[in-house]
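The exercises below concern a single protein chain and are to be worked with the sequence and coordinates at hand. Each task is followed by a solution in steps.

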Amino acid sequence: MNAAHSWWERLRQNLRTRWKSHLGTLAMVLAVVFGVQAWQTRNVPSGSAPELAFTLIQPNGSRIDTTLAAWRAQHPGQPVALHIWAEWCPICRTEEHSVTRLGRDWPVLTVAMQSGPPDAVARVLVKRELPWATAVDTRGALAQTLGFRAVPAFVVVDADGRLRSASVGYTSEIGMRLRLWWAKLV
C-alpha cells in the first residue's frame, strides 16, 4: 500500500510540474487566438444590427425581397444566427452540416457572399441539399455592412437586435450553439 501511495504521489507531482511548465505556452496561444479573432472582427459594428435588404431564397426554393428586420420579426424574442459563407470556400463546406443541424433548433439566416446571382445560389443549395434560408449577397455588400471581409463568419443577433459574439473562420457547432444560448440568457 505504501509503495502504491508513493507511486501515486510521484505521478501527481510530475503532472503538476508539467502543467505549470506549459502554462505560459497555453497563455500565449490563447492570447494569439483571441488577438487574431479580435483583429478579424474589428470592423463588426457594435450595438444594433445594421438594416439589410436582400433577396431571400427560402428552403422550399421560393424567393422574396425582404430585410433583416422583417426576417427577425418572424422569430420574436429569440436570438438569431447569421452565417456568412461562400460557394467557393472550402472551410464553409466543412461547416455546412453544423449549420444545418443548428438550424433545426435555432433561427439561422445564411448569407451567400459573392457566390453569384440568386439562380446560381439556389442551384448550390439544391445540389448540396442545404435547407437554409439564404440571403443573396452577390457583391459582398451585406457582409461588408456587417463588418466581415472573409468567410466563413458567424454572428448572433440577440432578441434586442444587437450584434454579439462575432467570429471569422471555422466555428464548431457547439461554439455556435453556446453563443446563441448565451445571447438568450443575457
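The exercises proceed from the overall fold to one strand, then to salt bridges and two threonines, and they refer to a predicted model.

**Exercise 1. Overall dimensions**

Task: Establish how many helices and strands the protein chain has and in what order they run, and determine how its radius of gyration stands to the globule rule.

Solution.
Step 1. The assignment gives 6 helices and 7 strands. Read from the N terminus, their order is α-β-β-α-β-α-β-α-β-α-β-β-α.
Step 2. For 186 residues the globule rule gives 16 Å, whereas the radius of gyration of the protein chain is 21 Å, well over that figure; the chain is therefore more spread out than a compact globule.
Step 3. The spans of the C-alpha trace along the principal axes are about 75 × 35 × 30 Å.
Step 4. Turning to burial and surface, 40% of the 186 residues count as buried. The exposed area is about 10700 Å², with 59% supplied by carbon and sulfur atoms.
Step 5. Among contacts with a separation of 6 or more, 69% are between residues 24 or more positions apart.

**Exercise 2. The surroundings of strand β6**

Task: Decide whether strand β6 (residues 153–157) is enclosed or open, and identify the strands with which β6 pairs.

Solution.
Step 1. A residue counts as buried under 20% relative accessible area. In β6, 5 of the 5 residues meet this criterion, so the strand is largely enclosed by the rest of the structure.
Step 2. Consider the two faces separately. Ala153, Val155 and Val157 are buried on one side, and Phe154 and Val156 are buried on the other, so that both faces are covered.
Step 3. One pairing is with strand β3 (residues 80–85), antiparallel over 5 bridges. Within this pairing, histidine 83 has phenylalanine 154 as its bridge partner in β6.
Step 4. β6 also pairs with β7 in the antiparallel sense, over 4 bridges. Here valine 157 stands opposite leucine 163.
Step 5. β6 and β7 form a hairpin with 5 residues between them, and glycine 161 in the turn has a positive phi of about 85°.

**Exercise 3. Salt bridges in different settings**

Task: From the 10 salt bridges of the structure, examine the pairs Arg63–Asp119, Asp158–Arg164 and Arg177–Glu173, stating the closest N and O distance and the setting of each.

Solution.
Step 1. In the bridge between arginine 63 and aspartate 119, the closest N and O atoms are 2.6 Å apart. The pair links distant parts of the chain, since arginine 63 belongs to strand β2 (residues 63–67) and aspartate 119 to helix α4 (residues 118–127), 56 residues apart. Both partners are partly exposed: arginine 63 has a relative accessibility of 38%, and aspartate 119 has 42%.
Step 2. For aspartate 158 and arginine 164, the closest N and O atoms are 2.7 Å apart. Aspartate 158 is buried at 1% relative accessibility, while arginine 164 is partly exposed at 24%.
Step 3. Arginine 177 and glutamate 173 have their closest N and O atoms 3.1 Å apart. Both residues lie in helix α6, separated by 4 residues, about one turn of the helix. Glutamate 173 has a relative accessible area of 18% and is therefore buried. Through shared partners, salt bridges join Arg101, Asp105, Glu173 and Arg177 into one network.

**Exercise 4. Two threonines in loops**

Task: Locate threonine 171 and threonine 41, classify each as buried or exposed, and list their contacts beyond four places in sequence.

Solution.
Step 1. Threonine 171 is found in the loop between β7 (163–168) and α6 (173–185). Its relative accessible area is 5%, so threonine 171 is buried.
Step 2. A polar contact of 3.1 Å connects the side chains of threonine 171 and serine 167. Beyond four places in sequence, threonine 171 is in contact with Glu95, Phe154, Met176 and Arg179.
Step 3. Threonine 41 is placed in the loop between α1 (2–40) and β1 (53–57). With 16% relative accessibility, threonine 41 counts as buried.
Step 4. Beyond four places in sequence, the contacts of threonine 41 are with Phe148, Ala166, Ser167 and Val168.
Step 5. The C-alpha atoms of threonine 41 and leucine 142 are separated by 15 Å, the two residues being 101 residues apart along the chain.

Notes: Residues numbered from 1 in each chain as written. Predicted model: local features only at pLDDT ≥ 70, side-chain atom pairs only at ≥ 80, totals over all residues. Heavy atoms only, no water. Buried < 20%, exposed > 50% of the residue type's maximum accessible area, 1.4 Å probe, protein only. Polar contact = N/O pair within 3.5 Å; in protein donor to acceptor, adjacent residues only side chain to side chain. Contact = heavy atoms within 4.5 Å. Salt bridge = Lys/Arg side-chain N within 4 Å of Asp/Glu carboxyl O. Pairing = 2+ DSSP bridges. Rg over C-alpha atoms; globule rule 2.2 N^0.38 Å. Areas by Shrake-Rupley, 256 points an atom, 1.4 Å probe, with all protein chains shown as cover.
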